[in-house]
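Visitor: I'm new here and would love a quick tour. Can you show me what we're looking at?

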Amino acid sequence: MLSRCTLVVLSAVARSSEIDVAKPLAAESCDVRIASLAPFGAEVALPTNASTLPPCGVESLRAALTEHRVLILRDLDLSMRDHVSLARKLGTVDEEMSRPPPYVESGVHVSDGSAARKTSGFLAWFKRPTQKAIVRARADQRAAGEPLEVFKVVTDPSDVLAFGEGFHTDLTYLQNPPRAAILVSRKLSPPGTGDTLFVDAFALAATLPPELRARAAGRHALHTDKAGRNATHPVLRVVSGRPALWVNRHFARRLASDGDESPADAALLEELLAHIDAATAGRVPGAELLRIDWHSAGDVVMWDERATQHAAVHDYAGHGREMHRVLLASLGGDDDAEISPTCSGDADAGVAPHCSGDADAGV
């Protein structure tokens with residue numbers, strides 16, 4: 001017989017450490033306790049060690065991730081092998097996808113804006129950002145026989161640029177990008193620093209001005225990693241029946257077309273990216289940020305790669321940090337079966353579009 005637990009809704013604040021429990025709303029099974037955050041996301045408490053979570057608990061966790069987009073699990077104390085085991089319980093893990101991206105090993109920085117901002121001034125010529133700590137950690141990981149599905153995201157105290165700065169969705173230069181990610185904190189920067197920020201891609205799409213949304217409808221963008229890999233994706237990608245804005249400054253280079261990029265296309269992509277910039281700067285009502293503050297080593301954050309963008313905050317210069325990430329290629333077999341090109345509803349009239357149909361298409 002399954003035990004039961006209470007699903008609670010928390011007060012409407014964006015920082016995860018400043019939440020207050022409100023009234024119980026419904027019940028969940030397997031004692032996977034889920035407390036909703038605002039504007040989205042949830043904190044989750046498991047009834048047992050994550051590596052021994054029963055199938056019903058795994059299914060509850062999958063459902064919560066799809067519904068809430070970001071999940072926070074505190075003090076799980078997962079080993080590296082437990083981390084991989086949990087990911088494999090939830091879905092499919094591909095070592096090639098989950099490893100450090102090739103552009104890191106190639107010394108390429110996909111976000112020109114972050115690199116330029118953090119290396120401007122007189123000292124820029126010798127303070128070029130590097131991520132040698134990640135390459136070094138990978139070599140040590142191989143030598144120690146540790147699971148290679150884990151990407152050690154290491155920031156040295158002297159690093160100018162931290163991996164993951166700037167809002168993005170991971171690996172969108174792949175034709176089949178990751179479905180989800182699981183990040184475990186190992187070594188944290190000082191308290192009050194090193195937060196991870198999330199924005200809801202559904203909210204980004206919903207808050208587009210109607211004229212801009214109309215121009216973006218049906219368009220695709222070319223995403224590249226500057227290291228030889230590229231893919232095209234709908235600008236408005238439909239996930240679970242809802243359109244999500246699916247461009248980011250890390251990887252979206254241009255709108256796809258048969259010929260050279262036109263000035264109008266370049267301007268359209270920049271308008272879409274500027275909308276994301278405005279939202280993540282707090283200037284777009286209805287597309288507020290979720291801010292995750294890491295309490296202690298062992299905290300775990302999972303997110304739906306299809307429905308969010310995220311950014312690491314590097315405000316801890318002079319201090320090191322280590323996080324471990326595993327990417328899921330699919331989640332419990334659902335993959336992108338609900339992505340659809342066929343939508344109904346008049347967005348201009350304020351009616352949210354509902355979509356269903358073939359996989360991996362756009363509005």
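**A walk through cores and charges**

Guide: Let's start with one arginine in this predicted model: Arg62 has a relative accessibility of 18%, so it counts as buried.

Visitor: Which side chain meets Arg62 in a salt bridge?
Guide: Look along helix α1, where the partner sits three residues away, so the two are separated by about one helical turn. This partner is partly exposed, at a relative accessible area of 43%. The N to O distance is 2.8 Å, and the partner is Glu59.

Visitor: Is Arg99 buried or exposed?
Guide: Arg99 forms a salt bridge with Glu96, at 3.6 Å from N to O. Glu96 is partly exposed, with a relative accessible area of 46%. The cut-off for buried is under 20%. Arg99 has 18%, so Arg99 is buried.

Visitor: How many residues apart are Asp277 and Arg249?
Guide: Their side chains meet in a salt bridge, 2.7 Å from N to O. Asp277 belongs to helix α9 (residues 263-280), while Arg249 lies in the loop between β13 (242-245) and β14 (252-255). The pair links distant parts of the chain, and the separation is 28 residues.

Visitor: And how exposed is each of those two? What is the relative accessibility of Arg249?
Guide: Partly exposed runs between the 20% and 50% cut-offs. Asp277, at 33%, falls in that class. Arg249 is also partly exposed, and its value is 34%.

Visitor: Which residues do salt bridges that share partners join into one network?
Guide: The count of salt bridges comes to 18. Some of them share partners, and the network they make joins Arg74, Asp293 and Asp299.

Visitor: Let's turn to the nonpolar side. Which element supplies the largest share of the largest nonpolar core?
Guide: That core has 31 residues, and Leu46, Leu61 and Leu90 are among those with the most contacts inside it. Several elements supply at least two residues each, including α1 (55-68), α2 (80-90) and β18 (321-328). The largest share is five residues, and it comes from α2.

Visitor: Which glycine is in contact with Leu90, leaving aside neighbours within four places in sequence?
Guide: Leu90 touches residues including Val58, Leu61, Ile182 and Met302. Arg62, the buried arginine from the start, is another of its contacts. The glycine in the list is Gly332.

Visitor: How many residues does the second, separate core have?
Guide: Ala203, Leu236, Ala252 and Ala278 are included in this one. It is separate from the core we just visited, and its count is 28 residues.

Key
Residues numbered from 1 in each chain as written. Predicted model: local features only at pLDDT ≥ 70, side-chain atom pairs only at ≥ 80, totals over all residues. Heavy atoms only, no water. Core = buried A, V, L, I, M, F, W, Y, C linked by side-chain atoms within 4.5 Å. Buried < 20%, exposed > 50% of the residue type's maximum accessible area, 1.4 Å probe, protein only. Helix = DSSP H or I, 4+ residues; strand = E, 2+ residues; numbered from the N terminus. Contact = heavy atoms within 4.5 Å. Salt bridge = Lys/Arg side-chain N within 4 Å of Asp/Glu carboxyl O.
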